[in-house]
Amino acid sequence: MEKRKVCGSVSQPDCLRLKASRQSTIIQHRPLVPSLRRPAACFYIQFPGNDYHRAIYVAERTICELRDQISRKVQIRTRHIFHRKAAGLNMLADDEFVRQISDGQDMVAEFLNSSNVARDIDVVLTIKGI
């Protein structure tokens, strides 16, 4: 008579098959959360009424992505983003502007049209050091 080692209440060959099937189940498991991409850039923006800067991470260097991330961060609806030049002139920002901002750049934000909160707000960004 052949002796079999018993793994719990299951024989050794059955136990090995169970372990193999568990391992294949673990290997085939896919996480439900999508993989996170590394952000294309991070900007530090000081919003009105705050003495500190907040990090804004953008997945791609576009004006739409920057506008969406600012809107999420301060929970307002943003219409346009302007860039304030050193002479005080407000220029409408575009994708080229966002591509030229260096990673880790600190900026100061100003809100326009803030008298009526129901409307979309314009944001003016001033880059520090320029």
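# Close-up views of the chain

**View 1. R72 sits in helix α2.** The model shown here, as in every view, is predicted. R72 is an exposed residue, because its relative accessible area is 56% and the exposed class covers values over 50%. Now look across to I56. R72 and I56 stand 16 residues apart along the chain. Their C-alpha atoms are separated by 9.5 Å.

**View 2. Q69 also belongs to helix α2.** Is Q69 buried or exposed? Q69 counts as buried, because its relative accessibility is 17% and the cut-off for buried is under 20%. Which residues does Q69 contact, once neighbours within four places in sequence are left aside? They are I56, Y57 and V58. Those three residues are worth finding again in the next view.

**View 3. A55 lies in strand β4.** This strand covers residues 54-58. A55 has a relative accessible area of 19%. A55 is therefore buried, since the limit is under 20%. With residues up to four places away in sequence not counted, A55 touches C42, F43, Y44 and K73. Find C42, F43 and Y44 against strand β3, which runs over residues 41-46. Find K73 against helix α2, which spans residues 63-74. One more pair can be traced here. A55 and I70 are 15 residues apart along the chain, and 9.6 Å separates their C-alpha atoms.

**View 4. Q75 occupies the loop between α2 and β5.** Helix α2 covers residues 63-74, and strand β5 covers residues 78-84. Most residues other than glycine have a negative phi. What is the phi of Q75? The value is positive, about 55 degrees, although Q75 is not a glycine. Q75 is exposed as well, because its relative accessible area is 73%, and exposed means over 50%.

**View 5. Q46 is part of strand β3.** Q46 counts as buried because its relative accessibility is 16%, and buried means under 20%. Where does its side chain reach? The side chain of Q46 reaches the backbone oxygen of N50, at 2.8 Å. Q46 has other partners too. Leaving out residues up to four places away in sequence, Q46 touches D51, Y52 and H53. Further along the chain, M107, V108, A109 and K128 are also touched by Q46.

**View 6. N90 is found in strand β6.** Strand β6 covers residues 90-92. N90 is partly exposed, because its relative accessible area of 30% falls between the limits of 20% and 50%. Which side chain makes a polar contact with the side chain of N90? It is the side chain of R84, at 3.0 Å. R84 is also on the list of contacts of N90, together with F82, H83 and V124. That list leaves aside neighbours within four places in sequence. Now compare N90 with L125. The two residues are 35 places apart along the chain. Their C-alpha atoms are separated by 8.9 Å.

**View 7. The largest pocket holds about 210 Å³ of space.** Twelve residues line this pocket. Which of them are the closest to its centre? They are H83, K85, F97, Q100 and I127. Two elements each give two or more residues to the lining: strand β6 (90-92) and helix α3 (95-100). Sorted by class, the lining has six nonpolar, four polar and two charged residues. How is such a space found? Rolling a probe the size of a water molecule over the atoms shows where empty space is left.

**View 8. The chain as a whole has three helices and eight strands.** Use this view to place the close-ups. From the N terminus on, the elements run β-β-α-β-β-α-β-β-α-β-β. The chain has 130 residues, and 27% of them are buried. Q46, A55 and Q69 are among the buried residues. Next, take the contacts in the chain with a separation of 6 or more. Residues 24 or more positions apart account for 43% of these contacts. Last comes the surface. The chain exposes about 9500 Å². Carbon and sulfur atoms supply 53% of that area.

Definitions and conventions:
Residues are numbered from 1 along each chain as its sequence is written. This is a predicted model: local features need pLDDT of at least 70, side-chain atom pairs count only at pLDDT 80 or more; totals for chains, interfaces and linings use all residues. Side-chain values use heavy atoms; hydrogens and water are left out. On a 1 Å grid over the protein atoms alone, a cavity is a set of points where a 1.4 Å probe fits but cannot get out, and a pocket is an open set with protein on both sides within 12 Å along at least five of seven lines; lining residues have an atom within 4 Å of a point. Grid points are joined across faces, edges and corners, and a volume is the space filled by probe spheres set on the points. Helices (H or I, at least four residues) and strands (E, at least two) are DSSP runs, numbered from the N terminus. Ala, Val, Leu, Ile, Met, Phe, Trp, Tyr, Cys and Pro count as nonpolar, Asp, Glu, Lys and Arg as charged, and the others, Gly among them, as polar. Buried means under 20% relative accessible area, exposed over 50%, partly exposed in between (1.4 Å probe, protein chains only). A polar contact is a pair of N or O atoms within 3.5 Å; within protein, one must be able to donate a hydrogen and the other to accept it, and residues adjacent in sequence count only if both atoms are side-chain atoms. Contact means heavy atoms within 4.5 Å. Accessible areas come from the Shrake-Rupley method with a 1.4 Å probe; for residues, only the protein chains shown count as cover.
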